[in-house]
Amino acid sequence: FYTRDGKPFWAAVSGTVVLDAQGSSSHLIEFITDITAQKHAEREIKKLSLVATESNHAIVIRSPENITTWVNKAFEGMFGYSAAELIGKNITPMFLGPETDLEHLEATTRARMEGRKTETELHVIRKDRTPIWVYLTTYPILDAQGALESTVSIIMDVTEDKRREAE
């Protein structure tokens with residue numbers, strides 16, 4: 001479809017047949033709704049979804065209750081767990097190792113649950129119990145009323161950086 005000034009737009013068309021007293025079709029009423037903004041939003045969502053799915057950085061999405069709702073392939077590769085092993089669970093305890101700073105983790109978790117962006121380094125463990133250092137940036141996703149809807153964490157393995165610093 002095109003606007004009067006010749007610009008293209010996406011449209012949803014629906015119609016209904018109006019019947020006369022004998023039950024025959026009398027005329028058709030059509031409704032045309034401009035859905036251009038919706039189509040642009042869908043395209044943006046598809047693009048962002050691809051970025052999150054294919055990123056080389058591990059990404060995890062969690063509910064306000066700290067339940068994992070999504071992880072990308074890089075997360076699975078970094079930590080050795082499949083998405084099926086993580087979805088629907090509070091995964092934090094799975095990554096705690098003997099050198100994990102629990103006080104620092106609790107402070108970061110509290111800030112995240114309060115809807116604040118956090119950036120931190122943590123010493124954690126993989127599924128095979130191998131220790132690694134990660135740099136974790138967590139972004140709050142808030143609903144229209146400002147309540148925490150979910151959190152998105154982007155995680156980088158910084159083990160080699162830490163090793164070089166120690167030398």
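Start by selecting helix α1, residues 36-54, in this predicted model, and show the side chains of K39 and E42, which both lie in that helix, three residues apart, or about one turn of the helix. These two side chains meet in a salt bridge, with an N to O distance of 3.5 Å. Colour the pair by accessibility and both residues come out as partly exposed, K39 with a relative accessible area of 26% and E42 with one of 36%.

The pair in α1 belongs to a set of eight salt bridges that the structure holds. Side chains of opposite charge can pair when their charged atoms come close.

For the next stop, select K162 and E121, which form a salt bridge whose closest N and O atoms are 2.8 Å apart. The pair links distant parts of the chain, since K162 sits in helix α5 (residues 159-166) and E121 in strand β5, 41 residues apart. K162 counts as partly exposed at 23% relative accessibility, and E121 is likewise partly exposed, with a relative accessible area of 32%.

Then move to D157 and R126, whose side chains meet in a salt bridge at 3.2 Å, N to O. Which parts of the chain does this pair tie together? D157 lies in strand β7 (residues 148-157) and R126 in the loop between β5 and β6, so the contact joins parts that are 31 residues apart in sequence. With 35% relative accessibility D157 counts as partly exposed, and R126, with a relative accessible area of 21%, is partly exposed as well. Buried means under 20% relative accessible area, so R126 at 21% is not counted as buried.

Stay in the loop between β5 and β6 and select R129, which lies there too. Its phi is near 75°, a positive value in a residue other than glycine. At 54% relative accessibility R129 counts as exposed, because the exposed class begins over 50%.

Now compare this with N66, found in the loop between β3 and β4 (68-71). Phi of N66 is also near 75°, again a positive value in a residue other than glycine. Is N66 buried or exposed? N66 is buried, with a relative accessible area of 7%, whereas R129 counts as exposed.

From here, turn to the interior. Rolling a probe the size of a water molecule over the atoms shows where empty space is left. The structure holds one cavity of 30 Å³ or more, and the volume of the largest cavity is about 250 Å³. To find it, select R62, T92, F95, L122 and L136, which are the closest to its centre of the 18 residues that line it. Extending the selection by element, those that give two or more residues to the lining are β3 (58-62), α2 (73-79), α4 (102-113), β5 (118-125) and β6 (131-142). Which element gives the largest share of this lining? It is α4, with four residues. If the lining is then coloured by class, twelve residues are nonpolar, four are polar and two are charged.

With R62 still selected, add I91, which is found in the loop between α3 (83-86) and α4. The C-alpha atoms of I91 and R62 are separated by 9.5 Å, although the two residues are 29 residues apart along the chain. I91 counts as buried, at 3% relative accessibility.

Another buried residue to select is T120, which lies in strand β5 and has a relative accessibility of 3%. Draw a line from T120 to Q38, C-alpha to C-alpha, and the separation is 36 Å in space for residues that are 82 apart in sequence.

For the last stop, return to the surface and select F1, V13 and I32, which make a nonpolar surface patch of about 290 Å². F1 has its place in the segment before β1 (11-19).

Conventions: Residues numbered from 1 in each chain as written. Predicted model: local features only at pLDDT ≥ 70, side-chain atom pairs only at ≥ 80, totals over all residues. Heavy atoms only, no water. 1 Å grid on protein atoms, 1.4 Å probe; cavity = no way out; pocket = protein on both sides within 12 Å on 5 of 7 lines; lining within 4 Å. Points joined across faces, edges and corners; volume = space filled by probe spheres on them. Nonpolar A, V, L, I, M, F, W, Y, C, P; charged D, E, K, R; others polar. Patch = residues over 30% accessible without salt bridge, like charges linked within 9 Å, V, L, I, M, F, W, Y side chains within 5 Å. Areas by Shrake-Rupley, 256 points an atom, 1.4 Å probe, with all protein chains shown as cover. Salt bridge = Lys/Arg side-chain N within 4 Å of Asp/Glu carboxyl O. Buried < 20%, exposed > 50% of the residue type's maximum accessible area, 1.4 Å probe, protein only.
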